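Visitor: Could you take me through a close look at one helix in this protein, and then show me what else is worth seeing around it? I'm in my first year, so plain words are welcome.

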Amino acid sequence: MTNKNNNKKTFCSFLYSNYLTRVLSYINMQIQKNVSLKPYNTFGVDVSCNQLICVDREDEIPYLFQEKVFDTRFFILGGGSNVLFTQNYDGNIVHMRTKGIDIVKETENEVFIKVAAGELWDDFVDFCIRHAYYGIENLIGIPSLVGSSPVQNIGAYGVELKDVMHSVEGIYVGNNKPFVLNNADCEFAYRSSVFKKALKNKCLVTQVLFRLSKIKQFTLTYKALRDELPYDDADLNLQKVAQAVLKVRNSKLPDVRKIGSAGSFFKNPVIPKSRFVTLIDKYPSLIHFDTDNGEVKLAAGQLVEIAGWKGKRLNDAGVYPLQALVIVNYGNAGGKELLDLSMEIQKDVFERFEIQLEPEVNIMF
């Protein structure tokens with residue numbers, strides 16, 4: 001009888017301890033109601049959401065399911081650098097702030113690094129530069145969280161995330177089941193992935209595993225980047241390449257701490273070769289790149305500039321004077337104003353080139 005009572009007490013203590021741990025975790029989770037999202041999007045658009053839930057630790061994630069956060073309208077917000085809110089968001093915003101950069105495997109030539117979704121992308125880049133891990137130095141300066149990077153397949157100056165990412169870990173929000181997707185599973189394409197298509201709004205990314213080189217190597221295919229570096233520099237290192245990347249970026253892109261923007265607003269369009277042959281006759285200076293499947297990629301910024309939009313401003317919504325691909329918020333522009341401006345640009349570009357520009361930015365209605 002005594003053993004049974006003791007076992008019962010032990011089991012009850014275990015349940016209570018487990019319950020208490022979960023309750024304390026839930027109490028510590030930051031949940032704000034009817035909060036402004038202005039600090040959480042780089043456009044600086046002042047909209048609100050029903051509930052903002054900030055996740056600082058992975059052991060807080062079960063409460064998202066316990067509270068049925070994903071059973072109503074929701075949006076998983078990363079760094080807010082690729083989203084345009086056009087109105088108040090009638091739903092839950094989940095914002096990952098988990099931290100952790102861990103080396104999980106290392107060989108003579110490469111290193112595997114697992115990074116928490118809430119880490120700032122630039123903090124991870126800095127970590128790799130300090131430790132002489134090669135592969136993501138060209139991606140410095142992108143205002144993103146690590147967890148968002150595979151969704152967008154971020155890229156810059158000849159490098160894309162797909163070139164360095166090994167796998168993604170997370171949870172399916174529909175059934176609370178964990179998943180691991182390898183590089184091929186992610187179906188990476190230009191500024192796209194399976195997370196923007198078949199798995200859109202179905203996954204919560206928790207960790208990203210990167211595979212980087214320990215052997216000195218650089219990607220210097222981008223002309224503007226090469227021009228910033230000394231020719232045939234035997235002492236070329238990660239710091240010099242990163243500084244050159246930042247110099248090129250800052251010469252074209254606004255500092256989002258001073259001028260609201262989301263970087264490139266439109267994707268570079270890809271058109272059939274036959275269509276390009278017609279266009280190049282009329283516009284001989286068109287910047288273009290041949291793709292692997294025989295099509296031609298054009299520079300969206302150049303099309304916007306030819307259409308006459310570079311530097312234009314409609315109240316506080318405008319096109320950045322140094323890069324026509326960037327739509328900016330000069331102060332108090334609302335999301336609807338920025339969207340209207342983008343649609344006017346699309347209309348003019350289509351009338352001139354018969355090319356429909358596609359937003360790179362995630363537009364929230």
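Guide: Let's start with helix α3, which covers residues 121–130 and has W121, F124, V125, F127, C128 and I129 buried. Keep in mind that this is a predicted model. A bit of background helps with that list: an α-helix has 3.6 residues a turn, so residues three or four places apart point the same way.

What do the buried residues of α3 pack against? Their partners are two helices, α4 (149–152) and α6 (238–252), together with the strands β6 (101–106), β7 (110–116) and β12 (203–213). Just after α3 comes A132, which takes a positive phi of about 60°. For comparison, most residues other than glycine have a negative phi.

Two more residues go the same unusual way. E187, which is not a glycine, has a positive phi of about 50°. You'll find E187 in the loop between β11 (177–182) and β12, and because its relative accessibility is 42%, E187 counts as partly exposed. The other is E354, also not a glycine, with a positive phi near 55°. E354 belongs to the loop between α9 (335–353) and β20 (362–364). With 59% relative accessibility, E354 counts as exposed.

Now back to β12, one of the partners of α3. This strand also turns up at the second largest pocket, where β12 gives the most to the lining, with three residues. The second largest pocket holds about 180 Å³ of space. Its lining has 13 residues, and Y134, G135, V164, Q217 and T219 lie nearest the centre. As for the chemistry of that lining, five residues are nonpolar, five are polar and three are charged.

Next, the aromatic rings. How many aromatic pairs does a search of the whole structure find? The search finds 14. One of the pairs is F65 with F70: their ring centres are 5.1 Å apart and their planes meet at 55°, so this pair is tilted. F65 and F70 are both buried. Compare Y157 and Y222, an edge-to-face pair with 4.9 Å from centre to centre and 85° between the planes. This pair links distant parts of the chain, 65 residues apart: Y157 is in the loop between β8 (155–156) and β9 (159–160), while Y222 is in the loop between β12 and α5 (223–227). Are the two tyrosines buried or exposed? Y157 counts as buried, at 12% relative accessibility, whereas Y222, at 32%, counts as partly exposed. There is also an aromatic cluster, made of F43, F265 and F266.

Last stop, the cysteines. How many disulfides does the structure hold? Zero. Take C49: the nearest cysteine sulfur belongs to C54 and is 9.1 Å away, and C49 is in no disulfide. A disulfide needs the two sulfur atoms within 2.5 Å. C49 is buried, with a relative accessible area of 1%. C203 is in no disulfide either, and the nearest cysteine sulfur, from C186, is 9.3 Å away. At 10% relative accessibility, C203 counts as buried too.

Conventions
Residues numbered from 1 in each chain as written. Predicted model: local features only at pLDDT ≥ 70, side-chain atom pairs only at ≥ 80, totals over all residues. Heavy atoms only, no water. Buried < 20%, exposed > 50% of the residue type's maximum accessible area, 1.4 Å probe, protein only. Helix = DSSP H or I, 4+ residues; strand = E, 2+ residues; numbered from the N terminus. Contact = heavy atoms within 4.5 Å. 1 Å grid on protein atoms, 1.4 Å probe; cavity = no way out; pocket = protein on both sides within 12 Å on 5 of 7 lines; lining within 4 Å. Points joined across faces, edges and corners; volume = space filled by probe spheres on them. Nonpolar A, V, L, I, M, F, W, Y, C, P; charged D, E, K, R; others polar. Phe/Tyr/Trp six-rings, centres within 6.5 Å; stacked < 30°, edge-to-face > 60°.
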